[in-house]
Amino acid sequence: MSDIEIAQQATMKPIIELANEKLGIPAEHLDPYGHYKAKVSLEYVNSLTDRDDGKLILVTAISPTPAGEGKTTTTVGLGDAMNRLGKKTIMCLREPSLGPCFGMKGGAAGGGYSQVVPMEDINLHFTGDFHAIGVAHNLLSAMIDNHINHGNELGIDSRRITWKRVVDMNDRALRKITVGQGGPANGYLREDGYDIVVASEIMAILCLSTNRSDLKERLGRIIIGYKSDRVTPIYARDLKAHGAMAALLKEAIKPNLVQTLENNIAIIHGGPFANIAHGCNTVTATKTALKLADYAITEAGFGADLGAEKFIDIKCRMSGLKPSAVVLVATVRALKYHGGVKKDELNNENLEALKTGFANLERHLHNVTKNYGLPCVVCINHFTFDTDKEISLLKEKCESLGVKCVVSKHWAQGGAGAEELATEILDIVDNNEPQFSYVYDEDLPLWDKIETIATKLYGASGISASPKVTAEIKALQENYGSFPVCMAKTQMSFSTDPNAKGAPSGHTVEISEVKLANGAGFIVVIAGNMMTMPGLPKNPAAERIDITDDGVITGLF
């Protein structure tokens, strides 16, 4: 059966009953969205403050490939396995974006028998959080143009507006647009553009805010552009926009509860891109899970060079979260792809390609254990075409590096197939105090932070930038030098070339653009030809998604 067929046959429990049964959450603190989704009130979240925290486990992966790695599937399977072993565990995931859902991914709610449900709702409109973020973002865009149209009392330089518009869809035609055409009645003529909602600074702000007051203050700090002197910033609070924006996010700030196929609780909340933004679910969701359960398992987007780095250097640094262990997900197929095998030949045994591709896993492993300072278990997400020789080779190579490698069959068997992985992780987190290192010190200059990430994590020899970008970094250093950096880079490679597989070394990372995300509290550093508005592929997943006359959705996976 396909993923969606498995999900549609699930026996779900009403979320209000399940939340009370599993976690003791009273019904009056849950806002149901139908029978199987609910938001948790912030009043209840705040009431948990005095409870002890559980242990935090991070799931990350090797550099993604078309062969698939299964990071979300592993997060769900591991959570189900730990609950099977009698460990009170909650999974914390990101919300899928419609853009990738209708583009490359076709869905992002796990797979096989390790899924979160209701799968169709989660992948489509869910509880409306992304809609609220997009509307709040575009309200600010509209208020900028409206302010200028009515006399521009703040002196906004229309050539130096940095705040774009957003839409939750991959639409390359909107990357560069012109607004205000049609004469004075339609405002004024200027260049503009769209980003995807998950790249919006408001998404990052929602995910890093700790309460409504913090949310509103961060929204007010957003810099929308500059005056004609090029240096005086204009803030969202100057336009008196932040109150209305916060009002639009009134419900979106509340964490969402759903369940797995095995009726265990998962919190899905927030969803910034990991190759553009910081790629982690909300701080509120993670901290709530740690108060409600003995263990919280969370995922960071894409490979450990992007998602895990930002999880540690941005999310943990800002929130005080401390992971106890890391699961590094890989597949035999993906490693053979990194070893040079074509996609249509990945099901054939190829030990030499596996040896070559292992370099990608090895670098991620080095980053996790040495640069992040965290204990790690390698999870080989099992495919039926994996051979005994390939599995033995991977185990030998991991164990030669002093790291345990576990084959997990959660896709086919659900939590039962991940019990060995769960046992290994529990052995680490129950017997060790969390110790980890940030990749760079916050007092380092911005240029040095960027260079540290490139050389330590990407294997680069250094970084470079045009005189214009170098000057912009230098200018940002004056007032924002203590901010962490959020690298926007292709997820497909350690370099800025998506076709450079394995573990390229000695390359130069070209910094093409820098952006200040003042409300979020970090500097976005764009490396190479990274787009903040993706395009659809030649054959988008949308072509396969449909609905029957009786309302059954097909084609999601």
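Two strands are treated as paired if DSSP finds at least two bridges between them. The legends below describe close-up views of a predicted model.

**View 1. An open sheet of three strands with antiparallel pairing.** The strand order is β7-β12-β13. Strands β7 (156–161) and β13 (233–235) form the edges, each pairing on one side only. From one strand to the next, the twist averages 50 degrees.

**View 2. The pairing of β7 with β12 and the helix packed on the sheet.** Two bridges join β7 to β12 (residues 223–227), and the two strands run in the antiparallel sense. Within this pairing, Ile156 has Lys227 of β12 as its bridge partner. Helix α7 (residues 129–149) packs on the sheet and touches both β7 and β12. The direction of α7 makes about 130 degrees with that of β7.

**View 3. The surroundings of Cys92.** A disulfide is a covalent bond between the sulfur atoms of two cysteines. The search of the whole structure finds zero disulfides. For Cys92, the closest cysteine sulfur belongs to Cys280 and lies 11 Å away, which is too far for a bond, since the cut-off is a sulfur pair within 2.5 Å. Cys92 counts as buried, at 0% relative accessibility.

**View 4. The surroundings of Cys379.** The cysteine sulfur closest to that of Cys379 is in Cys405. The two sulfur atoms are 8.3 Å apart, too far for a bond. Cys379 has a relative accessible area of 0% and is therefore buried, the limit for this class being under 20%.

How values were computed. Residues are numbered from 1 along each chain as its sequence is written. This is a predicted model: local features need pLDDT of at least 70, side-chain atom pairs count only at pLDDT 80 or more; totals for chains, interfaces and linings use all residues. Side-chain values use heavy atoms; hydrogens and water are left out. Helices (H or I, at least four residues) and strands (E, at least two) are DSSP runs, numbered from the N terminus. Axes are lines fitted to C-alpha atoms, for helices over the stretch in contact, and angles run from 0 to 180 degrees between N-to-C directions. Contact means heavy atoms within 4.5 Å. Buried means under 20% relative accessible area, exposed over 50%, partly exposed in between (1.4 Å probe, protein chains only).
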